[in-house]
Amino acid sequence: MAKYFAFLLLALLAITMLQIPVMASQFEGQLSKSGYGQGSLKSFQCPSQCTRRCSRTQYHKPCMFFCQKCCKKCLCVPPGYYGNKAVCPCYNNWKTQQGGPKCP
């Protein structure tokens with residue numbers, strides 16, 4: 001009886017340990033499906049995401065130029081029309097020669 005109980009306990013522990021990587025991979029899949037995070041886009045998706053990002057600025061043409069340049073490098077465009085750059089570190093940390101932000 002003790003051997004049966006020990007075997008059952010070990011089997012339960014093994015199943016629990018297997019569930020952790022499965023749950024983590026499901027969570028990562030949800031992040032990439034949400035469209036945010038570095039590498040979450042394909043290069044062909046950049047124009048539409050940059051159109052969304054730059055839709056409310058009065059400087060539409062330069063915004064689109066730099067957004068698409070940043071998107072093709074980082075494969076990421078932050079959510080919203082302004083800010084939220086922390087979601088995409090590559091997009092956030094790419095600077096001009098003067099030290100200002102390169103990506104809108």
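1. Helices here are DSSP runs of H or I, at least four residues long, numbered from the N terminus. Those names are used throughout, including for the loop between α3 and α4 that holds N84. The model is predicted.

2. Overall fold. The protein chain has four helices and zero strands. Read from the N terminus, the order of elements is α-α-α-α. Helix α1 covers residues 2–33. Helices α2 (46–53), α3 (60–74) and α4 (89–93) each give two or more residues to the largest nonpolar core.

3. Burial and surface. The protein chain has 104 residues, and 22% of them count as buried. Its accessible surface comes to about 7700 Å². Carbon and sulfur atoms account for 65% of that surface. Long-range contacts are well represented in the numbers: among contacts between residues at least 6 apart in sequence, 56% join residues at least 24 apart.

4. The core. How many residues does the largest nonpolar core have? It has 16. Those with the most contacts inside it are C50, C67, C71, C74, V77 and Y91. Helices α2, α3 and α4 give two or more residues each. Of the elements, α3 gives the most, with six residues.

5. C67 in the core. C67 is among the core residues with the most contacts. Leaving aside residues up to four places away in sequence, C67 touches C50, R53, C54, V77, Y91 and P104. C50, V77 and Y91 also appear among the core residues with the most contacts. C67 is buried, as is C50.

6. Disulfides in general. A disulfide is a covalent bond between the sulfur atoms of two cysteines. The structure holds five of them. Counting bonded cysteines along the chain, the pattern is 1-7, 2-5, 3-4, 6-10, 8-9. Three of these links are taken in turn below.

7. C46 to C71. This pair is joined by a disulfide, with an S to S distance of 2.0 Å. The link is left-handed, with -80° about the S-S bond. C46 lies in helix α2 and C71 in helix α3, so the disulfide ties together parts that are 25 residues apart in sequence. Both cysteines, C46 and C71, are buried. C71 is also one of the core residues with the most contacts.

8. C50 to C67. The sulfur atoms of C50 and C67 are 2.2 Å apart, and the two residues form a disulfide. The torsion about the S-S bond is about -85°, so this disulfide is left-handed. C50 sits in helix α2 and C67 in helix α3, 17 residues apart, and the pair links distant parts of the chain.

9. C70 to C103. Which element holds C70, and which segment holds C103? The two are joined by a disulfide with S to S 2.0 Å. C70 lies in helix α3 and C103 in the segment after α4, so the pair ties together parts that are 33 residues apart in sequence. The link of C70 and C103 is left-handed, with -95° about the S-S bond. Both C70 and C103 are buried.

10. Two further cysteines. Buried means under 20% relative accessible area. C76 has a relative accessible area of 0%, so C76 is buried. C88 also counts as buried, at 0% relative accessibility.

11. Surface patch. M1, Y4 and L8 form a nonpolar patch on the surface. Together they have about 420 Å² of accessible area. Y4 is in helix α1. Is Y4 buried or exposed? Its relative accessible area is 56%, so Y4 is exposed. The cut-off for exposed is over 50%.

12. Backbone check at L75. L75 is not glycine, yet its phi is positive, near 55°. L75 is found in the loop between α3 and α4. Its relative accessible area is 28%, so L75 is partly exposed.

13. Backbone check at N84. What is the phi of N84? It is positive, about 60°, although N84 is not a glycine. N84 has its place in the loop between α3 and α4. At 43% relative accessibility, N84 counts as partly exposed.

How values were computed: Residues numbered from 1 in each chain as written. Predicted model: local features only at pLDDT ≥ 70, side-chain atom pairs only at ≥ 80, totals over all residues. Heavy atoms only, no water. Core = buried A, V, L, I, M, F, W, Y, C linked by side-chain atoms within 4.5 Å. Buried < 20%, exposed > 50% of the residue type's maximum accessible area, 1.4 Å probe, protein only. Contact = heavy atoms within 4.5 Å. Patch = residues over 30% accessible without salt bridge, like charges linked within 9 Å, V, L, I, M, F, W, Y side chains within 5 Å. Areas by Shrake-Rupley, 256 points an atom, 1.4 Å probe, with all protein chains shown as cover. Salt bridge = Lys/Arg side-chain N within 4 Å of Asp/Glu carboxyl O. Disulfide = S-S within 2.5 Å.
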